[in-house]
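Let's take a walk through this fold together. Pull up the model and follow along.

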Amino acid sequence: MDNSDVFKGLASQAGVTISVLYLARLREVLGTDREELTLPGAAPTVAALRAFLLERGGVWSKELAPDRPVRVAVNQDMARSDTVLRTGDEIALFPPVTGG
């Protein structure tokens, strides 16, 4: 193992830093429109992000509960719960939109 392998290992332990945007109703009820987060692990997923936010309790656990419809986009592309997040990604959380 050379020094680059050591640095890669340290980077993966540090976590993944992302920007999270809260849109529409979520922005109002959560009281914020954006934040920077560092998620633990080398390759967290959208599901891991949601679980991380649920751990905050209160309104977070109510609004982001598994039975609540919340859409997720990663870098402006719709994402699934198993989408892997990478440092620098922009994640948007928003309720489904209906028109009329």
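Look for Val 74 in strand E3 and you'll find its bridge partner in strand E4, Asp 77. Strands here (E, at least two residues), like helices (H or I, at least four), are DSSP runs numbered from the N terminus. E4 covers residues 77-78, and two bridges join it to E3, with the two strands running antiparallel. That is enough to call them paired, since two strands pair if DSSP finds at least two bridges between them. E3 and E4 make a hairpin with two residues between them, and Asn 75 in the turn has a positive phi of about 55°.

Before going on, a word on ground rules: this is a predicted model, so local features need pLDDT of at least 70 and side-chain atom pairs count only at pLDDT 80 or more, while totals for chains, interfaces and linings use all residues. Residues are numbered from 1 along each chain as its sequence is written, and side-chain values use heavy atoms, leaving out hydrogens and water.

Val 74 also has a bridge partner in E5, namely Ile 91. E3 and E5 are joined by four bridges and run antiparallel.

Ile 91 leads us inside. It is one of the residues with the most contacts within the largest nonpolar core, which has 20 residues; Tyr 22, Leu 53 and Leu 93 are also among them. A nonpolar core here is a set of buried Ala, Val, Leu, Ile, Met, Phe, Trp, Tyr and Cys residues joined through side-chain atoms within 4.5 Å. Strands E1 (16-22), E2 (34-39), E3 (71-74) and E5 (90-94), plus helices H2 (25-30) and H3 (46-54), each give two or more residues to this core. E1 gives the most, with four residues.

What does Leu 49 touch? Setting aside residues up to four places away in sequence, Leu 49 touches Ile 18, Val 20, Leu 37, Leu 39, Leu 85 and Ile 91. Contact means heavy atoms within 4.5 Å.

Now for a charged side chain: Glu 63 sits in helix H4 (residues 58-63). Is Glu 63 buried or exposed? It is buried, because its relative accessible area is 5%, and buried means under 20%, exposed over 50% and partly exposed in between (1.4 Å probe, protein chains only). Beyond its neighbours within four places in sequence, Glu 63 is in contact with Arg 25, Leu 26, Val 29, Leu 30, Arg 68 and Val 70. With Arg 68, the side chains share a polar contact of 3.4 Å; the term covers a pair of N or O atoms within 3.5 Å, where within protein one must be able to donate a hydrogen and the other to accept it, and residues adjacent in sequence count only if both atoms are side-chain atoms.
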